[in-house]
Amino acid sequence: MAGGITCGSLLQKLQLVWDEVGEGDEDRDKVLYQLDQECLDVYKRKVDQATNSRDLLIQALDDSKIELARLLSALGEKAIARTPEKTSGTIKQQLAAIAPTLEQLNKKKNERVREFVSVQSQIDQICGEIAGTTEVGEQVATPQVNEDDLTVERLEDFRSQLQELEKEKSNRLEKVLEYVSMVHDLCTVLGMDFLSTVTEVHSSLDDSIADNCKSISDDTLSKLDQTVATLHEDKKLRLSKLQELAGQLYDLWDLMDAPMQERSMFDHVTCNRSASVDEVTAPGALALDLIEQTETEVQRLDELKYSKMKEIAFKKQTELEDIYAGAHTVIDTAAAHLKLLSLIEAGNIEPTELIADMEGQIAKAKEEALSRKDILDKVEKWMSACEEESWLEDYNRDDNRYNSSRGAHLNLKRAEKARILVSKIPALVETLVAKTRAWEESRGLSFMYDGVPLLAMLDEYVMLREEREEDKKRMKEQKRYVEQKLSTDHEGPFGSRVSPNRPATAKKLPGPKANGTSINGTPPSRRLSINGRSGGKDSKRDSLRAAPASPGNGATAAKEDTTSSHISAGDLAPNTP
């Protein structure tokens, strides 16, 4: 003990004090007993302290073993150190052996927890962006990590989930950008403000915000889809409206013969007249102000149409009359003009309806003219051949035709061609009669040529031609008789000779009149035309009208009388098709 003091020395000193004092044995025994008890209490306290300390170490050792087992289980690691038994060392030695392993596993656990927090935070972030509960770039709360399961397998599951979410986010972002591009294109075509349209869906869709910061939520995608659908439908409706207006513009332009300069002012409108919805991509092609401008122009032209209706209607009427004139069909033009004028001034019919009705009449007249074209072409050939026949007869009666005068060789060539052409007249007339009869049978109507039945004209021509042939035969017989008489009486009483070169004049076969007059002189009232316009070539008609009348008047007068009632019955429509 310190300073050489021991329990025995102290007890001896105590005995000396008691001897000096004269302490009795009973008191001495009591004190000694008290000393023994106090010593026992001290030892007992020390033992208890030692026992408690040992128990704490044992508990710490057990806790360390449990923690070790828990960490190994949580981390999914195999045992990296074997826990020593009690017999293999003291408790402190066992604790010292476990401590490094626990420290290593705790470090690994903390690192693994940080990895879980990072992955789960990203998962929560993307899930929140998709659900729309978290804005892009907004910091999410630190997720709660289950520290009882920190295995690599579970971490890989979270990483796989994160990878799928990142892929979905990328796809959603791509879809959002695609939608935004579609909205931009549609707004450009429709002339709308793209920025205000797209930011109404979500404020992050502004072009100034980076792509990776744009909203990809279900709500954003749904609104974008609805916006695109609405704009596309609006584009479809506007295009339909603009195409309708463009059609009206064309109708009004054609109706009023608008100049190309005036039409070119709306080329940007009419260029989309037949375009599909997807083909219209020009900026502002379907803007509201453009549609309003087009509507204003249509309204202006529509109002102008009423003021020009009389001019337009009479122009159509003139076109109709020209078609009938070209087809040699007679109509009552004066009555037609009066009726048209009364309709316009009464205002009981819409101008468009009136023009449409007249265009229908024009189309019908063109169709009818087309059905008559083949016959009319042959009539023209027949008339031309008859003119040549008339000229040839005059030429043959000219005694000086073989003189070497100026132009005689040209007349000789023309005479050769005329003889060939005249020789084809019978076949031409026969073909013309067959075609005319077929035409009349198919329609149940008479084929009228400038108000006169064509078959009557042809029949009259054939009859007069037969009379002419008979006259020629009589002339030949007369010529033969003269020649025979000359052979017996070569000279007259006074020495003069009768010339055989001047026989009696034969009948000249006049050609058909181009205005439909009878060959033997139809009254002037039968020569029908439209507004004084001739239906054929004026030069031909003048030459034919100048031909002398043949003696066949009595044969043809009855035929003309039978047709006169049909000619005078015309009103607004032609007498016959």
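Is His328 buried or exposed? Select His328 in this predicted model and it turns out to be buried, with a relative accessible area of 4%, which falls under the 20% that marks the limit for a buried residue. The backbone here deserves a look as well, since the phi of His328 is near 55°, a positive value in a residue other than glycine. To place His328 along the chain, display the loop between α10 (309-326) and α11, where this residue lies.

**From the loop into helix α11**

Next, follow the chain to helix α11, which spans residues 333-346 and holds Leu341. Leu341 is partly exposed, with a relative accessible area of 25%, whereas His328 is buried. If residues up to four places away in sequence are set aside, Leu341 touches Lys310 and Phe314. Select Phe314 together with Leu341 and draw the C-alpha to C-alpha distance, which comes to 8.6 Å for two residues that stand 27 apart in sequence.

**The loop between the two strands**

Now go to Asp450, which is found in the loop between β1 (448-449) and β2 (452-453). Asp450 is not a glycine, yet its phi is positive, at about 55°. With a relative accessible area of 4%, Asp450 is buried, because a value under 20% counts as buried.

**Helix α15 and a charged patch**

Continue to helix α15, residues 454-488, and select Arg480 within it. Arg480 is partly exposed, with a relative accessible area of 47%, and the term applies because this value lies between the 20% and 50% limits. Add Lys472, Lys473 and Lys476 to the selection, and together with Arg480 they show a positive surface patch. Colouring these four residues by charge and switching on a surface display is a convenient way to view the patch that they form.

**Stepping back to the whole chain**

Finally, clear the selections and show the entire protein chain as a cartoon, in which 17 helices and 2 strands can be traced. Of the 577 residues in the chain, 36% are buried, and His328 is one of the buried residues. With a surface drawn over the chain, the exposed area is about 34,600 Å², of which carbon and sulfur atoms supply 52%. For a contact map beside the viewer, consider the contacts between residues at least 6 apart in sequence: 78% of them join residues at least 24 apart.

Conventions: Residues numbered from 1 in each chain as written. Predicted model: local features only at pLDDT ≥ 70, side-chain atom pairs only at ≥ 80, totals over all residues. Heavy atoms only, no water. Patch = residues over 30% accessible without salt bridge, like charges linked within 9 Å, V, L, I, M, F, W, Y side chains within 5 Å. Areas by Shrake-Rupley, 256 points an atom, 1.4 Å probe, with all protein chains shown as cover. Salt bridge = Lys/Arg side-chain N within 4 Å of Asp/Glu carboxyl O. Lys, Arg positive; Asp, Glu negative; His and termini not counted. Charge placed at Lys NZ, Arg CZ, Asp CG, Glu CD. Helix = DSSP H or I, 4+ residues; strand = E, 2+ residues; numbered from the N terminus. Buried < 20%, exposed > 50% of the residue type's maximum accessible area, 1.4 Å probe, protein only. Contact = heavy atoms within 4.5 Å.
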